[in-house]
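Me: I've just opened this one and would like a walk through it. Could we take it step by step?

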Amino acid sequence: MERLTIFVTIFCVLFVYSEASCWSERTGNGYYCTLGNMILTKGRTYYSETAPNCFKCTCSDDAYQLNCCGVGNTINRIPDNCQIKQVGCNQVAVSKADPSKPCKGPVGGVV
């Protein structure tokens with residue numbers, strides 16, 4: 001039983017990290033990185049908090065690489081009596097009968 005617990009724990013950790021949305025772009029020139037029409041200097045970070053496309057990008061210390069990751073959580077499993085509500089960059093499971101109350105029951109998602 002102990003081995004099964006360890007295996008499930010490791011699997012869950014790896015699954016969460018495999019769902020993470022990160023990417024890199026070579027948009028820098030040694031002085032700054034570009035993100036769309038914005039300029040980020042060496043080591044600077046930009047946060048986009050406009051749901052549902054929330055992300056964080058950082059210009060590398062050598063200003064050649066822009067490293068970005070999605071932020072927030074996404075719900076992928078809820079009971080039939082619940083619905084998903086977007087709150088900033090995060091999703092929240094709430095009751096269909098009373099959206100001011102949290103969902104009762106198992107909710108699955110990724111961070």
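**A first look**

Reply: Sure. The protein chain exposes about 8,100 Å², and carbon and sulfur atoms supply 56% of that area (accessible areas come from the Shrake-Rupley method with a 1.4 Å probe; for residues, only the protein chains shown count as cover). This is a predicted model, where local features need pLDDT of at least 70, side-chain atom pairs count only at pLDDT 80 or more, and totals for chains, interfaces and linings use all residues. Residues are numbered from 1 along each chain as its sequence is written, and side-chain values use heavy atoms, with hydrogens and water left out.

Me: How many helices and strands does the protein chain have?

Reply: Helices (H or I, at least four residues) and strands (E, at least two) are DSSP runs, numbered from the N terminus. Along the sequence, the pattern reads α-β-β-β-β-β-β-β-β-β-β. That makes one helix and ten strands.

Me: What share of the 111 residues counts as buried?

Reply: Buried means under 20% relative accessible area, exposed over 50%, and partly exposed in between (1.4 Å probe, protein chains only). By that rule, the buried share of the protein chain's 111 residues is 23%.

Me: Which element gives the largest share of the largest nonpolar core?

Reply: A nonpolar core is a set of buried Ala, Val, Leu, Ile, Met, Phe, Trp, Tyr and Cys residues joined through side-chain atoms within 4.5 Å. The largest one here has nine residues: Cys33, Leu35, Leu40, Phe55, Cys57, Cys59, Ala63, Leu66 and Cys68. Two or more residues each come from β2 (32–35), β5 (55–59) and β6 (66–70). The largest share, three residues, is from β5.

Me: Is Tyr32 buried, partly exposed or exposed?

Reply: Tyr32 sits in strand β2. Leaving out residues up to four places away in sequence, Tyr32 touches Thr27, Ile39, Leu40, Thr41, Cys59 and Ala63 (contact means heavy atoms within 4.5 Å). Because its relative accessible area is 31%, Tyr32 is partly exposed.

Me: Which residues make the nonpolar surface patch of about 360 Å²?

Reply: Patches are made of residues with over 30% relative accessible area and no salt bridge; like charges are joined within 9 Å, nonpolar side chains (Val, Leu, Ile, Met, Phe, Trp, Tyr) within 5 Å. A salt bridge is a side-chain nitrogen of Lys or Arg within 4 Å of a carboxyl oxygen of Asp or Glu. One member, Tyr31, is exposed, with a relative accessible area of 66%. The patch is made by Tyr31, Tyr32 and Ile39.
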